[in-house]
2 protein chains.
Amino acid sequence: MRYGFGIDVGGTTVKLAFFNEEGNLLNKWEIPTVTKNGGEAILPDIAAAIQTHMEKVEVSRDQIIGVGIGVPGPVDEHGIVNRCVNLGWGVFNIQDALSELTGFPVKAGNDANMAALGEYWKGGGQGCDNMVFATLGTGVGGGIVLNGKIIHGVHGAGGEIGHMVLNKNETERCRCGKYGCVEQYCSATGIVRIGERTLQRTTTPSILREIFPLTCKDIFDASASGDALADEILEQVYDYLGEFLANICCAVDPAAIVLGGGVSKASMPLLDGAKRYFTKYIFHAASDVRFALASLGNDAGTYGAFKLALTEFG
Amino acid sequence: MRYGFGIDVGGTTVKLAFFNEEGNLLNKWEIPTVTKNGGEAILPDIAAAIQTHMEKVEVSRDQIIGVGIGVPGPVDEHGIVNRCVNLGWGVFNIQDALSELTGFPVKAGNDANMAALGEYWKGGGQGCDNMVFATLGTGVGGGIVLNGKIIHGVHGAGGEIGHMVLNKNETERCRCGKYGCVEQYCSATGIVRIGERTLQRTTTPSILREIFPLTCKDIFDASASGDALADEILEQVYDYLGEFLANICCAVDPAAIVLGGGVSKASMPLLDGAKRYFTKYIFHAASDVRFALASLGNDAGTYGAFKLALTEFG
């Protein structure tokens, strides 16, 4: 049996996981992400964690297929990281750097793309070689898997679907500097924003009027308990979701859409709502798309990172 | 030297071309598309034309790599045509059918996708393994090339970018049955529609007010001669173009965008206008995209069809 590592670098912690070649997650653990001094300790810390783990398991170095790593920023097909603002990193080849530190072959990708690959391999998208993954969290990220491979993109920006434009007339600015991005309507933050706007615009009674600060979960909970204004808020969200997912599907025509991230905890109402508007906006020939929830939670990124290494070196 | 055929089936004529394996177009000709009786004569007519050509050239049958064919409708990866309304065709495997008639291996794809592949191989997208092609004609079609291969899509609807939704508030219906598709704003017909709406909405003097019926070319010509209202019309078009192209690029992050079809005869003003708004709407990491004009004209489809066969059988 052969083995490998999947690593998911976040702004506060680095998730590490040890897999066998069949994709069984054998061990997982976390270390803090030390971002001071331009994040110079991050890769040495990861290499040390890998080394410590190698000393604990009865696996020889030549049984290791390689290391996959996902990072919060664009990574091109050669492994060049193009600034990870949250980590303090500039521009460098992370594959070469981590390979030198560990002695193992390394393949790198964007974190949302790695999560997409993980969900395709072992999660909600299993069996669908062509799949769109959208992660609805604080922001909106995503990844597109075609013929079983992730679309990294020429600049490492493949699957940056959170910054597709949904509303040119938006007056507030997105974190990215543009106006009217998907993220401003379909992230947890975006849903709350739509909620607050709707509360201001209307006088309909609602339990949401008594909640400070309002959260995305409050809105879904209120809807589940029959609050009409919460429904009105969520209809707007589903409409935006259905529209942008349909637009992606017109371009790449996948078999499945998998929704993940904190917002996806809303589960079936979210899937049903998004699918209802998707059906309205999708081109008829591409309309037969399976909607599914992500199932790997916070492990999706490490699964995908290892899968990337497995595909490259396995 | 080996050879092959590229075929582009249209609603009124079938374009045929004979290539050598280096992609030099050696001969090209057309035959009528006979659509009566459910288009039953179309494939036999093509097979007869290929046979006649084989008798004229000094090439033996075993020097033929294969036949590529593009058709006006969805074709899945196995060669299943899923209704070509313009041809009268239902659902069948066109690869098997034409292969039986010709004795050559056959690979099929959607016509706009074949044009995209042609422009990638020998046209405006040469050298860009990751490319988005949009053909702005009576309608809007397109194709997406990633890693040198066309994205057919699971239902053969890959690259159907003309039916992405641009304006949910549109009150007129698109040919596809939906409202607010790209095609309603960025096709020649769509540009004239925006023109007529703008003429009605404003009282600005314009030479366009004296032209009946108004054409897309009239609007570009008027803009070139300094007509302010024509500029106002085209700004709206460029804005729509820039938005939908940016949205595709957020998803697949290509190196180049190639514009073809009748509207692209407007040339540099069209490219410059589209790029201006694209820059406004694109996610920063994916913004370095080359804009180019298609260069193969009506031959793009046969080039791409042959390239498809060459990749499959060559």
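**Note on the sheet of chain A and the contact with chain B**

1. In chain A, five strands (DSSP runs of E of at least two residues, numbered from the N terminus) form an open sheet of mixed pairing, in the order 3-2-1-4-7. Two strands pair if DSSP finds at least two bridges between them. Strand 3 (25–32) and strand 7 (106–110) of chain A stand at the edges with a single partner strand each, so one side of each has no neighbour in the sheet.

2. The model is predicted: local features need pLDDT of at least 70 and side-chain atom pairs count only at pLDDT 80 or more, while totals for chains, interfaces and linings use all residues. Residues are numbered from 1 along each chain as its sequence is written, and chains are lettered from A and ligands numbered from 1 in the order in which they are written.

3. Strand 1 (residues 3–9) and strand 2 (residues 13–20) of chain A are antiparallel partners over seven bridges. Within strand 2 of chain A, A:A17 is the bridge partner of A:G6.

4. Helix 10 (residues 300–313) of chain A, a helix being a DSSP run of H or I of at least four residues, packs on the sheet and touches strand 1, strand 2, strand 3, strand 4 and strand 7 of chain A.

5. Between the chains, 38 residues of chain B are in contact with 37 residues of chain A; contact requires C-beta atoms, placed from the backbone, within 7 Å. Helix 8 of chain B gives the largest share of the side of chain B that touches chain A, seven residues.

Key:
Contact = placed C-beta atoms within 7 Å. Axes fitted to C-alpha atoms, helices over the stretch in contact; angles between N-to-C directions.
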